[in-house]
Amino acid sequence: MKNKNLFIKLLKLSRNEWPILLKGMIFLFISSAALMVYPQYIKVIIDEAMKTKDMNALNSAAIIAMAVFIIQAISSSLRSYYFTLAGEKTVKRLRSKLFSQIIYQEMTFFDFSKTGELLGRLSSDMAVLQNALSVNISMLVRSGFQAFGGLILLFITSTKLTVFILLVIPPIGLLVAIFGKKVKAFSKSTQDALALSSAVAEESISGVRTVKAFAQESFEINRYDEQLQKSFELSKKRITVVANFSAMVSILGFLAIVFIVWYGGRLVIQNEMSIGTLTSYILYVMTVAFSAGILGSLYTDFMSAFGAGHRVFELMEKSTVGKENSNKPLKEITDGSIEFQSATFSYPARADLHILNSLDLEIAPRETVAIVGSSGGGKSTITQLLMRFYDLNKGQILIDQKPIKQFDLYALRKQIGIVSQEPILISESIEDNIRYGNPTASFDEVTSAAKLAYAYDFISDFPEGFKTLVGEKGVQLSGGQKQRVAIARAILKDPKILILDEATSALDSESEFLVQKALDNLRKSRTALIIAHRLSTIKNADKIFVLNLGQIIQVGSHKELIQDKDGFYSKLIEKQFNS
């Protein structure tokens, strides 16, 4: 039933390719019909032309047989082309939908999912489906058609001989069913193990600098090899099952051929069948046997595809909270005021640990505030809640004095800019990365944003200027350069609310000076929320909130807070200077 439902889903997904499939079916019919016709001309050659010694009849039969073969070859090629094309287009659409489904998932989904496993769904599982829906589906339809058509012609040619042959089919069918279940189970386990090995590889490669810094190459290789070994052991079991299945089917098949030749020979001796008829019968048997053999081998491939398909559709049918939260009535942030009311929050992956505890916080429109506190106190959590990566367990967040849940999710995020401690750049050009903040911006606007971010000079020094590729995650740029590109991106976005999450903490003094000037440009005329611990970053804020254990314990300007020598803020500043 599950496989039937999956087949229906794939059929619906391939609806746009039905015209292409129709062309494939037409050529399938022609090629299969040609394959069914040629044994009849072999019969004519043996029984009629050879018996009468008529060279004209012999030549005519041979020419017709060759013409039939040519038609069969051309139509078979076109059949393969159209079926494969339809399958590839279907898988392309499926892969695109799967990627969209992953991207649109809420943040909680990524907290519980490994990147490598998700990549495994997009790569290994989709590769299995791609093979099944392109090449294999073509072979399945062709072999099924030929097996069915050949069986009918076997009955027409010799009913008595065909009835005896059919005694062999039920045991083969039973073997196919038994072995198929085993292959399906092993295939699913193998794909799961491969996905885990992909997860380990992705984790190691993406964090290769950490691996090399700790000289842990051998450890990562061993970790990957362990997962590969698990996958190999499962594959080995699957191969054993398939090999045993193939051996049994081959034995039964060869025994059937020996029986056909023996019994057919008896019928020829008893003048119940001509030599030409026996020859054409054997050719039909070979066609049916060959087609049945392909169907048997395809069965194991389709069991693997069904396993991969179930995993893919399980992910595709997972609800996307982001989409559910779009199209809300509020689209635009006007004044940019922010308020947290009795906000309590714990991350889904650590539900027993409260990060925020009945937190109250209020930020006026176009006010620059800083949030400081010890590590793990909930500073960055506030920014993630503002972006609605997560929702509160209790309490509410207001923007423009309206509940944040009433805002269209995508409109909200488009009006909030964030510059983090380690900005992630896409592996494209500098221009593409800046334009990421506003894809419709002109080049002049991109240039203007770069100048305001104090990035224009270093960009101009590159031989390719704005077309310079930044490498994976911006690896070709220095820390200060990456930050200024990220700031230019935020400037181009022109957000109503700006979040600076430790934006200068990883920079040297010279880079920090330039980045700080860029940030001053970015903060103008918008509500700005600064998460930081450096005095140079926070001292000019209009207001500073001191956060500890998920609650605000002090509020005031730098000058006001520093006067309380025993206060938490003073101790934080003192620790910074001592360090």
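The accessible surface of the protein amounts to about 29,900 Å², with 60% of that area belonging to carbon and sulfur atoms; areas were computed by the Shrake-Rupley method with a 1.4 Å probe, and for residues only the protein chains shown count as cover. The structure is a predicted model, in which local features need pLDDT of at least 70, side-chain atom pairs count only at pLDDT 80 or more, and totals for chains, interfaces and linings use all residues. Residues are numbered from 1 along each chain as its sequence is written, and side-chain values use heavy atoms, with hydrogens and water left out. Of the 579 residues, 45% count as buried (under 20% relative accessible area, against over 50% for exposed and in between for partly exposed; 1.4 Å probe, protein chains only). The protein contains 21 helices and ten strands, taken as DSSP runs numbered from the N terminus (helices H or I, at least four residues; strands E, at least two). Among contacts (heavy atoms within 4.5 Å) between residues at least 6 apart in sequence, 77% join residues at least 24 apart.

Two open sheets are described here. One has six strands in the order S6-S7-S8-S3-S9-S10, with mixed pairing; strands pair if DSSP finds at least two bridges between them. Its edges are formed by strand S6 (416-420) and strand S10 (551-556), each of which pairs on one side only. Neighbouring strands of this sheet are turned against each other by 20° on average, direction ignored. S6 pairs with strand S7 (residues 497-501) in the parallel sense over five bridges, and Ile418 has Ile499 of S7 as its bridge partner. S9 and S10, by contrast, pair in the antiparallel sense, over five bridges, with Val546 opposite Gln554 in S10. The hairpin of S9 and S10 has two residues between the strands, and within this hairpin Leu549 takes a positive phi near 50°.

The other sheet is antiparallel and comprises four strands in the order S2-S1-S4-S5. S2 and strand S5 (402-403) are its edge strands, each pairing on one side only. S1 and S2 run antiparallel and are joined by five bridges; Glu339 has Glu362 in S2 as its bridge partner.

Helix H12 (residues 379-386) lies across strands of both sheets. In the six-stranded sheet, H12 lies across strand S3 (368-373), S6, S7, strand S8 (527-531) and strand S9 (543-548), running at about 145° to S8. In the four-stranded sheet, H12 lies across S1, S2 and strand S4 (394-399), at about 110° to S1. These angles run from 0 to 180 degrees between N-to-C directions, with axes fitted as lines to C-alpha atoms, for helices over the stretch in contact.

In soluble globular proteins, nonpolar side chains tend to be buried together. A nonpolar core is defined as a set of buried Ala, Val, Leu, Ile, Met, Phe, Trp, Tyr and Cys residues joined through side-chain atoms within 4.5 Å. The largest such core has 40 residues, of which Val419, Ile434, Ile459, Ile487, Leu522, Ile544 and Tyr569 touch the most other members. Helix H17 (residues 479-493) gives the most to this core, contributing seven residues. Apart from this core lies another, of 32 residues, including Ile355, Leu385, Leu386 and Ile399. When residues up to four places away in sequence are not counted, Ile434 touches Val446, Ala449, Ala450, Ile459, Phe466, Val485, Ala488, Arg489 and Leu492.

Ser346 is located in the loop between strand S1 (338-345) and strand S2 (356-363). Ser346 counts as buried because its relative accessibility is 8%. A polar atom of its side chain lies 3.2 Å from the backbone oxygen of Ala351. Beyond its neighbours within four places in sequence, Ser346 is in contact with Ala351, Leu353, His354, Ile355 and Asn393.

Helix H2 (residues 18-52) holds Phe27, and Ser31 is also placed in helix H2. Phe27 counts as partly exposed, because its relative accessibility is 23%, whereas Ser31 counts as buried at 0%. The side chain of Ser31 reaches the backbone oxygen of Leu28 at 3.0 Å. With neighbours within four places in sequence left aside, Ser31 is in contact with Gln72, Ser75 and Ser76; on the same basis, Phe27 is in contact with Ser75, Leu78, Arg79 and Tyr82. The C-alpha atoms of Phe27 and Tyr81, 54 residues apart along the chain, are separated by 10.0 Å.

Methods: A polar contact is a pair of N or O atoms within 3.5 Å; within protein, one must be able to donate a hydrogen and the other to accept it, and residues adjacent in sequence count only if both atoms are side-chain atoms.
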